[in-house]
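Grab a coffee and open the viewer. Here are some short exercises, each with a worked solution.

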Amino acid sequence: MRVHATPKQDVRSYMPYIILPLKIAACWEWFPNTKENYQVFINNIYLGMVLFVLTHVAAGLVVHLYTEWQDVMSSLDNIADSLPILVSIAIVAYCAFNRQELYGLVSFMDGNFKYYSAWGLTNMTMENSFQSARRFGRIYTACTMFSVTMYAVLPVIVHIWTKQPIKNWLYMDVNRSPFFEFVFLRSCLTQLFVGLAMGQFGVFFASNSILICGQLDLLCCGLRNARYTALLRHGVEHSSLASYVWELKSNERHNHIYNVAEMKSSDYHYDERVVHVFPKKTQFDIYSTIYDEATCNALRDCAALCQVINEYKYKFERFVSPLLVIRVVQVTLYLCTLLYAATLRFDMITVEYLVAVALDIFVYCYYGNQIILQADRVSTAAYQSSWHTMGAVPRRLLLNLLLANRRPVVVRAGRFLPMDLHTFVVIIKTSFSYYTLLVNVNEK
């Protein structure tokens, strides 16, 4: 049977929706991989402008703290305000130094991830996982921009409504035009860069996690269908395998996170268009050794996909690991500060910030936990691949696949802290522990 390569029909790029926000935050060049001098100049000027705006506001906060300093407890709010700005500077600078690695991640995904699953009794595509990643990116970006917009605009609204001076430190000693408008525009621009830098890093992490889970869905589907792929390659009719439908449906139930396996014939085998052979067979012996070679080829295709997933996970973890450490530390300190502020003034704004920060770190832990869950199901899918119908050689290949997937697929912060739901609980407990320490110190 012959197969001919064909480009992806539905998804040609897995993360096009993230590029424009990253460009605005200076994490992605406006003219990537360019050799034109004027384009390089524009890239560098824009990066310098973003870093200048962020560092200028951070420096202004340092000066304000120095001039108004009383003690740590009375300055906790302002110190907490500096954490998102410092993290944004770190994210922008890190992406600026590692742009080629960032570009390599996206190009590796677009060039090596499969859109169609193996040709089998059940088939699936990456459409659901791609739509889920894009939907999350848009919603999360919208929520982030709403949050930072309210942070910049709300003090001005309160000032206009109550006719009282603005209490935000950004507006200290500013009481007339055009300085008031200039500070307001600078505040909006700063919050735009802060929201996009931190928000798009969360979108980038979650989108990659969703798409990795989608590839793991395809891998599990391909493993369960390995023997059926061999039968189909030998001309067995798809409808003739109906007696095994119930078994496959039972095995696949609740074992895929995003993509859905459909019980219908496909024209693709891992993005390669299948040319069906004629005449078709309706009678077959699934235990026959004549299908072993095709079964071995199907298992090798699964092993190749597994290798792609593991390689991409390694590249992805190496890129995001340092930034994840910064985000974990920032969220822990921020939660501690907000908890302490809630004891001094319990209002809806403080509660809103508490919920928003907790949900922020929950995104990383939740989607990191999904990778762990779906990767654990690969071994189960290999065991459910009708191995008892295979000969000795394909069984040996299947055993090697099982041994290769013994190590858990985990994305770690700093290469030591796994991003899962247990880590989320640890962060919340640690923040509360720091909060109780602050309360005890303040009481003494």
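The exercises below deal with charge pairs and a surface patch in this predicted model.

**Exercise 1.** Work out which parts of the chain the salt bridge between Glu29 and Arg99 links.

*Solution.* Start with the contact: the two side chains meet at 3.4 Å, N to O, inside the 4 Å cut-off for a salt bridge. Next, place the partners. Glu29 sits in the loop between helix 1 (19–24) and helix 2 (37–68), while Arg99 belongs to helix 4 (residues 99–112), so the pair links distant parts of the chain, 70 residues apart. Finally, check the burial: buried means under 20% relative accessible area. Glu29 comes in at 16% and Arg99 at 8%, so both count as buried.

**Exercise 2.** Find out whether Glu101 and Arg318 are buried, partly exposed or exposed, and which helices their salt bridge ties together.

*Solution.* The side chains of Glu101 and Arg318 meet at 3.4 Å, N to O. Glu101 is in helix 4 and Arg318 in helix 9 (residues 292–344), so the bridge ties together parts 217 residues apart in sequence. With 23% relative accessibility, Glu101 is partly exposed; Arg318, at 35%, is partly exposed too.

**Exercise 3.** Explain how Lys313 and Glu317 are placed along helix 9.

*Solution.* Their closest N and O atoms are 3.0 Å apart, forming a salt bridge. The two are 4 residues apart in helix 9, which means about one helical turn separates them. Both are buried.

**Exercise 4.** Identify the helix that gives the largest share of the nonpolar patch.

*Solution.* List the members: Val355, Leu359, Phe362, Tyr366 and Leu421 make a patch of about 400 Å². Helix 10 (residues 348–383) supplies 4 residues, the largest share. Tyr366 lies in that helix and is partly exposed at 34%.

How values were computed:
Residues are numbered from 1 along each chain as its sequence is written. This is a predicted model: local features need pLDDT of at least 70, side-chain atom pairs count only at pLDDT 80 or more; totals for chains, interfaces and linings use all residues. Side-chain values use heavy atoms; hydrogens and water are left out. Patches are made of residues with over 30% relative accessible area and no salt bridge: like charges are joined within 9 Å, nonpolar side chains (Val, Leu, Ile, Met, Phe, Trp, Tyr) within 5 Å. Accessible areas come from the Shrake-Rupley method with a 1.4 Å probe; for residues, only the protein chains shown count as cover. Buried means under 20% relative accessible area, exposed over 50%, partly exposed in between (1.4 Å probe, protein chains only).
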